[in-house]
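Trainee: I'd like a close look at just one part of this model, the aromatic rings. Please go through them slowly, then show me what else catches the eye.

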Amino acid sequence: MPVVELSYTRLQKLVGKVTKKQISDSLPFLGLDIESENKDSVRIEYSPNRPDYSTDFGIALGLQGLLGVKTGIIKLNIKKSNQYLISVKPAVTKIRPFVTGIVAKNGTVDDKTIKQLMAMQEDLHFGIGRKRKKSSIGIHDLDKIQFPLVYTTTNRNHKFIPLNSEKEITVSEILSTTDVGKDYGSLLGQSSQVPIILDKNQNTVSFPPIINAAITTVTTKTRNLFVEVTGLNKDDAEDMLSVVATILQTAGFTLESVNISGMKNSSPKLESKKISVNSSLINQSLGLNLNSSKIISSLKKSRLDAISKGTNIICTIPSYRFDIFGPMDLVEEVALGYGIHNLEPTLSPSQTIGNTNPVSVKLKSLDQTMIGLGYLEALNSSLTSKRVLYEMTNRIPSTIISVLDSKSQEHTILRDSILPGLLENLSRNIHESYPQKMFETGTVFQYDDPISEKINFSGISAHKDANFTEIKSMLQSALKIGFGIKIETKTVIHPTFEDGHCATVILNGKTIGLIGKINSKTIENYKIRIPVVGFEVSLSDSIL
C-alpha cells in the first residue's frame, strides 16, 4: 500500500479550525492507516483506489467533510479558454491514441507540494495507469511552453534534453540508458515511431509515456502549470486528469480548459455522474434506521451531493471519485459520513453453537486422501476466460455466465468445469519435472434462476506413461476411501478426450462425470508436451 508523509500543522491550516487530536482521531475513519507519528509529522498508508489521498490537499478535503467544516461535492471550476490547443495527428492513433489536458494558473508550489505532486503522479501511473500502459501523466511549467501543441510521432533519432538531465540525447538513448527508459520502453514495442508532444517552436514538451523534457521542469518559482495525460483509453486518461485537477484547484490554482482536436480526441469534460441507491439497502446493510435527510447529510460529509426521490437517494459523484461504481459503494460512503465509531455492534440473536459444516469435513477427508495418493492440491479462480474454458478444450458452450462490465480480459466468465483450469496449470509448468499430478475440489456454476452452484472434484496426471487405467484406479480409490462408494464407467465420446479412451463415471446408475485421456488437439492447444489423463465428477448431486 502507498504511504504519504504529512505535517499536522500544514493539515490544520488546510482543514480549518481543528486540533491536531481531531485530525489524528479522524484519519482512520477516512480509511487511512497511521503508520507512524513523530511530533508534527505523520506517515499515512492509503488505498491505491483513492489517489487523491496521496497529497495533504486531498486528505484535507476528506477531513473537512468528516469534521463538518465543509461538506458536499467539490465542483471543478474550469474557465473556458481558446488560448490552449493540442492538435492530434493521425500517426499517433496506432501507438497511443488519446491525449487530454488542463491548465492551472496563478498558484504557488513549495518543495513539499512538488514532492507530493510527483508522488501522486507515480501513484496514478501504478494504479489506474497500470504502470503507464493504460495512461500516463506529465506536469509541466506552463510558462516554458508555447501553444498550440502537436501530439504526433517522431523517429527514435529525435533529440531533446530529458528531465533531470543537462545533455541532449536521442529517444533511443533515453530508452537504453535511463532507468525510466529501461522500465517503460517496452510499452512502445519495436515500432520505429514513438509518441511525442511538441510546442509551437518544435520544442519537445513530453515523450509519453516515458519522460518529460527538462525545459518544463516544475520548481518553487513555477506559478502556472500545464497537465497532460496520454493513454489508450479516453475515459482512463480523463479519470487521471480529474484527480490532478481537483488537487490543483484545492491548492489554490485557477483552472482553464485545453482544447483537443483530431482523431477521435475531444476536450475533457470532467463531469460528475449520478447513481441511485435505495434507502432500505443502506439501512439493511448498516443495521440502521436512517431517514433520507440523515443519509443525505452523511453522503455530503463524504464530499458527495445527494437528493431524495421517493425511497431512492440520487447521489452526484465528482469525476475524481472513479472508485464509486454502484449502490454498495454509496452504502460505504454513508457509513463513513455517519461515522464508523457511531455504529454500535450487536450480538447475533442466534443461540446455537457453531461447528464444522459436514460437507467441509467430507471435502477435507477427500483432500487428505488425494494428497496421500501423491497429488498436489490446486486452487483456481472461479472466474476464467472463454479461451481457457471452451476454446482450448474444444467444448461448445451451452450458456455462458459472463461478468457485467469486467475490467479484466482473462477473468470474464464463471466456470462450469474445473478440468480446464488444471490443464492451464499444467501449461504454465511445462519446464518443471514430471510426473505432475494435481487435483481441485471447488465450485462450478450453471445457468438457472437463480444461478446454481455445485461442488466438483477434478484431477489430472501428466507423465510419459499416463493412461486410462491409472487415472480410473486412482479415482476409484479416492472415492472409496473418502466416501465409501463404488463407481462404474461406460465408454463415451467427448471433444476434450481421446476417442476410445474416454468414459462417463456412473454412480448408482446416474452419470456424475467424465474420465479419460486428454486428446492431442487439446494438449497442443495448451502447449503441453506429454500425455495427460484426467477426470471430473460432480460431488453435489449424489455424494455430498
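Mentor: Let's settle one word before anything else: buried means under 20% relative accessible area, exposed means over 50%, and partly exposed is what falls in between (1.4 Å probe, protein chains only). By that rule, both Phe147 and Phe226 are buried, and they'll keep us busy for a while. Keep in mind that this is a predicted model, where local features need pLDDT of at least 70, side-chain atom pairs count only at pLDDT 80 or more, and totals for chains, interfaces and linings use all residues. Residues are numbered from 1 along each chain as its sequence is written, and side-chain values use heavy atoms, with hydrogens and water left out.

On to the rings. Two rings of Phe, Tyr or Trp (its six-membered ring) pair if their centres lie within 6.5 Å; planes under 30 degrees apart are stacked, over 60 edge-to-face, the rest tilted. The structure holds four aromatic pairs. One of them joins Tyr84 to Phe147, edge-to-face, with 5.0 Å from centre to centre and 75° between the planes. These two partners come from distant parts of the chain, 63 residues apart: Tyr84 is in the loop between β4 (78-79) and β5 (85-88), and Phe147 in the loop between β7 and β8. (Strands here are DSSP runs of E, at least two residues, and helices are runs of H or I, at least four, numbered from the N terminus.) How exposed or buried is Tyr84? It is buried, with a relative accessible area of 4%, while Phe147 is buried at 12%.

Phe147 also pairs with Phe226, again edge-to-face, at 5.3 Å centre to centre and 90° between the planes. That contact links distant parts of the chain too, since Phe226 is in strand β14 (residues 225-231), 79 residues from Phe147. Put together, ring pairs link Tyr84, Phe147 and Phe226 into a cluster.

Now look at the backbone beside the cluster. Phe147 is joined to Pro148 by a cis peptide bond, with omega about 5°. Pro148 is in the loop between β7 (135-141) and β8 (149-155). There's a cis bond between Pro208 and Pro209 as well, with omega about 0°, and Pro209 belongs to the loop between β12 (204-207) and β13 (211-212).

Most residues other than glycine have a negative phi, and most peptide bonds are trans. Two non-glycine residues worth a click have a positive phi: Gln202 at about 65° and Leu270 at about 50°. Gln202 is in the loop between β11 (193-198) and β12, and Leu270 in the loop between β16 (259-261) and β17 (273-278). Their surroundings: Gln202 is exposed, with a relative accessible area of 54%, and Leu270 counts as buried at 10%.

Rings also meet charges here. A charge sits over a ring if NZ of Lys or CZ of Arg is within 6 Å of the ring centre and within 35 degrees of the ring normal. Arg132 lies over the face of Tyr184, at 4.2 Å from the ring centre. The charged end of Arg50 sits over the ring of Tyr53, 4.1 Å from its centre.

That second contact takes us to the empty space. On a 1 Å grid over the protein atoms alone, a cavity is a set of points where a 1.4 Å probe fits but cannot get out, a pocket is an open set with protein on both sides within 12 Å along at least five of seven lines, and lining residues have an atom within 4 Å of a point. Points are joined across faces, edges and corners, and a volume is the space filled by probe spheres set on them. There is one cavity of 30 Å³ or more, and the largest cavity has a volume of about 130 Å³. It is lined by 16 residues, with Leu30, Arg50, Tyr53, Gly62 and Ser302 the closest to its centre. α3 (56-66) and α10 (327-338) each give two or more residues to that lining, and α3 gives the most, with four. Domain 1 (3-66) and domain 3 (273-340), with bounds from an automatic or database assignment, both contribute to the lining, so the cavity lies between them.

The largest pocket has a volume of about 850 Å³. Among its 31 lining residues, Asp235, Asp236, Asp239, Phe322 and Phe325 lie nearest its centre. α7 gives the most to this lining, with five residues.
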